[in-house]
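Here are some short exercises to work through with the model open in your viewer. Try each one yourself before you read its solution.

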Amino acid sequence: PEVVTLLAGEDVPVDVEDLRKHTTYLGGFHELSPTVRALWQVLRDFDNAERKAFLKFVTACSQPPLLGFRHLEPRFTVQCVAPGGGDHGALTGMMAL
């Protein structure tokens with residue numbers, strides 16, 4: 001059981017505020033961008049099962065890191081990506097690691 005905990009993290013609720021505090025923004029996004037604010041609101045509104053599904057989608061693991069998102073490698077990143085592949089002037093956002 002200890003090895004599973006070390007590899008997959010503890011079965012604890014996903015702390016959206018901890019994830020938010022340890023997120024990197026690129027391509028013109030910042031913490032107060034409307035799209036970013038909407039992302040955090042949606043994640044706050046999710047129940048824990050939905051948060052774990054989101055976490056699995058972006059990290060391939062449904063459990064938060066054992067010592068918190070400060071230790072997530074690579075860092076969770078929200079990046080603005082333009083339709084042509086650049087990172088300026090886009091209306092769409094892409095979550096990437």
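**Exercise 1.** Find which parts of the chain the salt bridge between Glu17 and Arg44 ties together.

*Solution.* Start with the contact: the side chains of Glu17 and Arg44 form a salt bridge with N and O 2.9 Å apart. The term stands for a side-chain nitrogen of Lys or Arg within 4 Å of a carboxyl oxygen of Asp or Glu. Next, place the partners: Glu17 lies in helix H2 and Arg44 in helix H3 (residues 34–45), so the pair ties together parts that are 27 residues apart in sequence. Helices (H or I, at least four residues) and strands (E, at least two) are DSSP runs, numbered from the N terminus. Finally, check exposure: Glu17 is partly exposed at 32% relative accessibility, and Arg44 is partly exposed at 33%. Here buried means under 20% relative accessible area, exposed over 50%, and partly exposed in between (1.4 Å probe, protein chains only).

Before you go on, note that this is a predicted model, in which local features need pLDDT of at least 70 and side-chain atom pairs count only at pLDDT 80 or more, while totals for chains, interfaces and linings use all residues. Residues are numbered from 1 along each chain as its sequence is written, and side-chain values use heavy atoms, with hydrogens and water left out.

**Exercise 2.** Work out which residues are joined into one network by salt bridges that share partners.

*Solution.* The structure has three salt bridges. Besides the Glu17 and Arg44 pair, Arg20 bridges to Glu17, with the closest N and O atoms 2.8 Å apart. Arg20 and Glu17 are three residues apart in helix H2 (residues 16–21), so about one helical turn separates them. Arg20 also meets Glu31, at 2.2 Å from N to O. Because Arg20 is in helix H2 and Glu31 in the loop between strand E1 (23–26) and H3, this pair ties together parts eleven residues apart in sequence. Glu31 is partly exposed, at 37% relative accessible area. Shared partners thus join Glu17, Arg20, Glu31 and Arg44 into one network.

**Exercise 3.** Describe the surroundings of Arg51, a residue of helix H4.

*Solution.* Arg51 is buried but has no salt bridge, and the nearest side chain of opposite charge, Asp15, is 6.8 Å away. For charge, Lys and Arg count as positive and Asp and Glu as negative; His and the chain ends are not counted. Now look at the backbone oxygen of Arg44: a polar atom of the Arg51 side chain lies 2.8 Å from this oxygen. Leaving out residues up to four places away in sequence, Arg51 touches Val14, Val16, Leu43, Arg44 and Phe46, where contact means heavy atoms within 4.5 Å.

**Exercise 4.** Characterise the aromatic pair of Phe54 and Phe76.

*Solution.* There are two aromatic pairs in the structure. Phe54 and Phe76 form an edge-to-face pair, 6.1 Å centre to centre with 70° between the planes. Rings of Phe, Tyr and Trp (its six-membered ring) pair if their centres lie within 6.5 Å; planes under 30 degrees apart count as stacked, over 60 as edge-to-face and the rest as tilted. With Phe54 in helix H4 and Phe76 in strand E2, the pair ties together parts that are 22 residues apart in sequence. Both Phe54 and Phe76 are buried. To finish, add Trp40: Trp40, Phe54 and Phe76 form one aromatic cluster.

Terms used. Polar contact = N/O pair within 3.5 Å; in protein donor to acceptor, adjacent residues only side chain to side chain.
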